[in-house]
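Subject: Handover of a structure and findings

Dear colleague,

Please find the structure below, together with its sequence. I would be grateful if you would read the notes that follow it with the coordinates open.

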Protein chains: 2
Amino acid sequence: MSALTDRVVAGDVRAAARLMRLIEDGQPEAEAALRELWPKTGRAQMVGITGNPGAGKSTLVDRLVAHLRAQGRTVGVLAVDPTSPFTGGAILGDRIRMQDHALDPGVFIRSFATRGQLGGLSRATSDCARVLDAMGKDVVLIETVGVGQDEVEVCRLAHTTVVVVVPGLGDDIQAIKAGILEVADLFAVNKSDREGADRTVRDLRSMLELNHAMGTDVGKHEIAIVKCVASRGEGVAELWAAIDAHYQSLRKGDGLLAREAQRARHDLVEVLRERLLQVALKKLAQEGAQLDDLALRIARRETDPYSVADEAARL
Amino acid sequence: MSALTDRVVAGDVRAAARLMRLIEDGQPEAEAALRELWPKTGRAQMVGITGNPGAGKSTLVDRLVAHLRAQGRTVGVLAVDPTSPFTGGAILGDRIRMQDHALDPGVFIRSFATRGQLGGLSRATSDCARVLDAMGKDVVLIETVGVGQDEVEVCRLAHTTVVVVVPGLGDDIQAIKAGILEVADLFAVNKSDREGADRTVRDLRSMLELNHAMGTDVGKHEIAIVKCVASRGEGVAELWAAIDAHYQSLRKGDGLLAREAQRARHDLVEVLRERLLQVALKKLAQEGAQLDDLALRIARRETDPYSVADEAARL
């Protein structure tokens, strides 16, 4: 093992942060390190926390961290932030609040901005979750805004995905995407001291029953709905108990290995795609065909993407 | 040319609908057809319309269609809908309203649900836009909910991308993602008869100025902000004039070819990735290594994704 991966496995925070930066920047050293770390992964309990902006995800994650730390478990947090350079305010505030845990060596927190990472986000997040796993964190919490395709993709790497909703957003429940429903293992109704919390629970319940009646929940565990008020710490222990119950039910039988294999399949396909593309582009370049020139020829309708792909696949 | 592509080029609606279904289902015939159609593409003016749910995008698209038809231009509409099987209501209503144009042979409208299409959505939308282009539509409008990575990706295929916002969502402007800002060529402030419309325009203006000061808008045209009330048809002609002005400015000089080359580059990389992956998986299978078995071995930590990728790249 290299010095960097040795230090990551020993739990060194600065080494982990450095490796995550290499991953985010797409540096080749990152892959070498991840390959070395691979046998050390597969131990952490991975939990996804997703939901619309304003659902109180950060506060909930903050409270879950405190709950887990009180139980003596170490925690890694990856927060995928859809911040623009113009936001600042609220989201920065959230992150600063999380820094309550900044001096606790049992907690590692890292934020990702989605800026400039179109497409590569889920891959980078997945790889960074592996780093936290290899560091020996007992639990990894992955917080994402559950609105886009790529964000949904991020949830697929969790053992348990919690979708956070708030009362009084009846229409929003309607607007919960099919993709989100497909990944939800558990619902948290946050801010449930607000009016309409019981109605939200009922709406979710009937939605799940409809889903069940339509047969679109085949192979899924029963989905629990937990009420909480994260800002006051209410319901957080109950939420964790439900998350853990889901995880334990996966551990019985082949559930855990099946999820891990599904994730490995996804990782493999991603790694393969990228590797093969790089090899093909290099071969094309050796034949004197640069990507930008090919694109220009296609744009001018002198050739088409399919014929170029045929040629590259033959090389 | 095959009978199907001949009919598409002749503007046959049923042939186009059939080809789009083949594209959405990822059928191999789709690729053969797209390859044949390639030389017939590159003529349509492509316009992306994006924004948060509730911004009134469908109504705006509806009015733009009416405006363009009144000018005698033919129009194709692709609406990327984040509908869950549970929604129905509002979104179905929107689509039915669009059917005002259903009997007009100069208009072709198609909706995509994002359900089950994680990742493949932007590719399918791009390919369907090419079909509308090959059909001879003068203008192709692509409507997406601009919240996720994949939806942003969809916008990259447009010549002009309009971001639709509404007044009274001051916080939402803060929450506009960097990705969306990067693709915005034009802002439409819809429902601008509501209180706060002028403030929204001012907020957008200062955001753009900040963006300019930070140097993140290099190479971009000046971004216009147009107020409209789509439900009453107000400001629609002005919005189209601004869209067209942006398009005409691209046509001067190399702007249009540069955008087209950028899009061709993206298409080529996507086609290549998929082609190379299929070839590699076939070779691996011939060596007795199925994807699912490999994933299981990786999950058991008997190997890792990087070593498997190395092996596949050597085959």
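The notes below set out what was found, beginning with chain A as a whole and ending with the contacts between the chains.

Please bear in mind that this is a predicted model. All values given here were computed from it.

Overall description of chain A

Chain A has 315 residues, and 53% of them are buried. Its secondary structure consists of 14 helices and seven strands. Among the contacts in chain A with a separation of 6 or more, 79% are between residues 24 or more positions apart. The accessible surface of chain A is about 13300 Å², and carbon and sulfur atoms contribute 49% of that area.

Strand 6 of chain B

In chain B, strand 6 covers residues 186–189. It pairs with two other strands. Strand 5 (residues 160–165) of chain B runs parallel to strand 6 of chain B, and four bridges join them. Strand 7 (residues 224–227) of chain B also pairs with strand 6 of chain B in the parallel sense, again over four bridges. B:L186 takes part in both pairings: its bridge partner B:V162 is given for the first, and B:L186 stands opposite B:A224 of strand 7 in the second.

Are the residues on the two faces of strand 6 of chain B buried or exposed? B:L186 and B:A188 on one side are buried, as are B:F187 and B:V189 on the other, and both faces are thus covered.

Cysteines

How many disulfides are there over all chains? The count is zero. A disulfide is a covalent bond between the sulfur atoms of two cysteines. Two cysteines may be noted for their burial: A:C228 has a relative accessible area of 1% and is buried, while B:C128 is buried at 0%.

Salt bridges within chain A

Over all chains, the search of the whole structure gives 38 salt bridges. Two within chain A are described here.

The side chains of A:E260 and A:R130 form a salt bridge, with an N to O distance of 3.1 Å. A:E260 belongs to helix 12 (residues 255–286) of chain A and A:R130 to helix 6 of chain A, so this pair ties together parts that are 130 residues apart in sequence. Both A:E260 and A:R130 are buried.

A:K227 and A:D198 form another salt bridge, and their closest N and O atoms are 2.7 Å apart. This pair links distant parts of the chain, 29 residues apart: A:K227 is in strand 7 (residues 224–227) of chain A and A:D198 is in helix 10 (residues 197–213) of chain A. A:K227 counts as partly exposed because its relative accessibility is 38%. A:D198 is likewise partly exposed, at 47%.

Salt bridges between the chains

A:R273 and B:E274 form a salt bridge in which the closest N and O atoms are 2.5 Å apart. The pair crosses between chains, with A:R273 in helix 12 of chain A and B:E274 in helix 12 (residues 255–286) of chain B. Why does A:R273 count as buried? Its relative accessible area is 19%, and buried means under 20%. B:E274, at 30% relative accessibility, is partly exposed.

A network of salt bridges links A:E31, A:R35, A:R275 and B:D310.

Other contacts between the chains

A:D127 is in helix 6 (residues 121–135) of chain A and is buried, at 7% relative accessibility. Which residues does A:D127 contact, leaving aside its neighbours within four places in sequence? They are A:I23, A:L34 and B:Y306.

On the chain B side, B:L296 is located in helix 13 (residues 291–299) of chain B. Residues up to four places away in sequence not being counted, B:L296 touches A:L257 and A:A261. B:L296 is partly exposed, having a relative accessible area of 28%. The C-alpha atoms of B:L296 and B:D310 are 18 Å apart, with their positions 14 residues apart along the chain. B:D310 is also one of the residues in the salt-bridge network described above.

Yours sincerely

Technical notes: Residues are numbered from 1 along each chain as its sequence is written. Chains are lettered from A and ligands numbered from 1 in the order in which they are written. This is a predicted model: local features need pLDDT of at least 70, side-chain atom pairs count only at pLDDT 80 or more; totals for chains, interfaces and linings use all residues. Side-chain values use heavy atoms; hydrogens and water are left out. Buried means under 20% relative accessible area, exposed over 50%, partly exposed in between (1.4 Å probe, protein chains only). Contact means heavy atoms within 4.5 Å. A disulfide is a pair of cysteine sulfur atoms within 2.5 Å. Accessible areas come from the Shrake-Rupley method with a 1.4 Å probe; for residues, only the protein chains shown count as cover. Two strands pair if DSSP finds at least two bridges between them. A salt bridge is a side-chain nitrogen of Lys or Arg within 4 Å of a carboxyl oxygen of Asp or Glu.
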